[in-house]
Amino acid sequence: MDKIVFATSNEGKMKEIRLILADLGVEILSMKEAGIQTDIAEDGKTFEENAIIKAKAVAAFTDAIVLADDSGLEVDYMDKQPGVYSARFMGESTPYSEKNRYIIDRLADAKDEERSARFVCVIAAVCPDGELLTTRATIEGRIAYEEEGDGGFGYDPILYLPEYGTTTAGLPIEEKNKISHRGKAFQLMKGKLKKKYEG
Ligand code: IMP
């Protein structure tokens, strides 16, 4: 294991991932840094399918290990929507303040115990020997009655964590990374890669 390419063109995500994988002592490259440019249709029906589609598409261009992730919000009261459509929900360019307001309003009649929701993150790795590894993690909470917190992004202001008394947007970023769907899924993937390559 001497090089990992992460299938994203999002610099923010790259920064987060470099931090999480730092102790592997492996060079972590974005698609751009690896000289890979490809349009990927994320048309899977599950987080697993989308993460695998992305990782395989990029693996076609390199001999390095390729990692890709897919994530989103599942609201039980809305039959687990927006799910894999989280970014596209109500239109890609609709501000999250509107998407969040819509979800809060949809749950206007939902009691506390009916407000369960979670962020899900799946990571896929395509290894140079062709082996496919996946990990999945969630952070469980409830849809808040109002937006809260200035941190995070996207749906963070409406995922309330009863044990922290705030939403994921109300947590400092380091704290969120420790308990988040993405942070946990990356830790699990790190474990799988270490086991495979370091024994
Ligand atoms: P993707 O994994 O980059 O495709 O992101 C999917 C979408 O899920 C994001 O654009 C957000 O709408 C939502 N999402 C995923 N993770 C988070 C999070 O940690 N906080 C808030 N929204 C999230």
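**Group meeting talk: a loop, a pocket and a ligand**

Good morning. I begin with the loop that joins strand 3 and strand 4, where Asp79 is found. What I show is a predicted model. In it, Asp79 has a positive phi, about 55°, and this residue is not a glycine. As general background, most residues other than glycine have a negative phi, and most peptide bonds are trans.

That background also applies to the next feature. The peptide bond running from Gln81 to Pro82 is cis, and its omega is near -5°. Pro82 itself belongs to strand 4, which covers residues 81-82.

I now turn to the largest pocket. Its volume is about 1000 Å³. Thirty-six residues line the largest pocket, and those nearest its centre are Asn10, Lys13, Glu42, Lys54 and Ala87. Which elements each supply at least two residues of this lining? They are helix 1, residues 11-21, strand 3, residues 65-75, and helix 5, residues 181-198. Of the contributions to the lining, that of strand 3 is the most, at five residues. In terms of class, the lining of the largest pocket holds 14 charged residues, together with 11 polar and 11 nonpolar ones.

What sits in the largest pocket? The ligand does. Strand 3 and helix 5 are the elements that each give two or more residues to the shell around the ligand. Strand 3 again deserves mention, since its three residues are the most given to that shell.

Let me look at the shell residue by residue. The ligand is surrounded by 15 residues, and the closest of these are Lys13, Ser71, Tyr96, Asp156 and Lys176. Lys13 has already appeared among the residues nearest the centre of the largest pocket. Sorted by class, the shell has five charged, five polar and five nonpolar residues.

Three contacts with the ligand may be followed on the screen. In Tyr96, a polar side-chain atom lies 2.6 Å from a ligand oxygen atom. In Lys176, an N or O atom of the side chain is 2.8 Å from an oxygen atom of the ligand. Tyr155 takes part through its backbone: one of its N or O atoms there lies 3.3 Å from a nitrogen atom of the ligand. How much of the ligand's accessible area does the protein cover? On its own the ligand has 480 Å², and the protein covers 87% of that area.

To close, I return to strand 3. This strand gives five residues to the lining of the largest pocket and three to the shell around the ligand. Thank you for your attention.

Key: Residues numbered from 1 in each chain as written. Predicted model: local features only at pLDDT ≥ 70, side-chain atom pairs only at ≥ 80, totals over all residues. Heavy atoms only, no water. 1 Å grid on protein atoms, 1.4 Å probe; cavity = no way out; pocket = protein on both sides within 12 Å on 5 of 7 lines; lining within 4 Å. Points joined across faces, edges and corners; volume = space filled by probe spheres on them. Helix = DSSP H or I, 4+ residues; strand = E, 2+ residues; numbered from the N terminus. Nonpolar A, V, L, I, M, F, W, Y, C, P; charged D, E, K, R; others polar. Near = heavy atom within 4 Å. Polar contact = N/O pair within 3.5 Å; in protein donor to acceptor, adjacent residues only side chain to side chain. Areas by Shrake-Rupley, 256 points an atom, 1.4 Å probe, with all protein chains shown as cover. Sits in = over half its atoms within 2 Å of the grid points.
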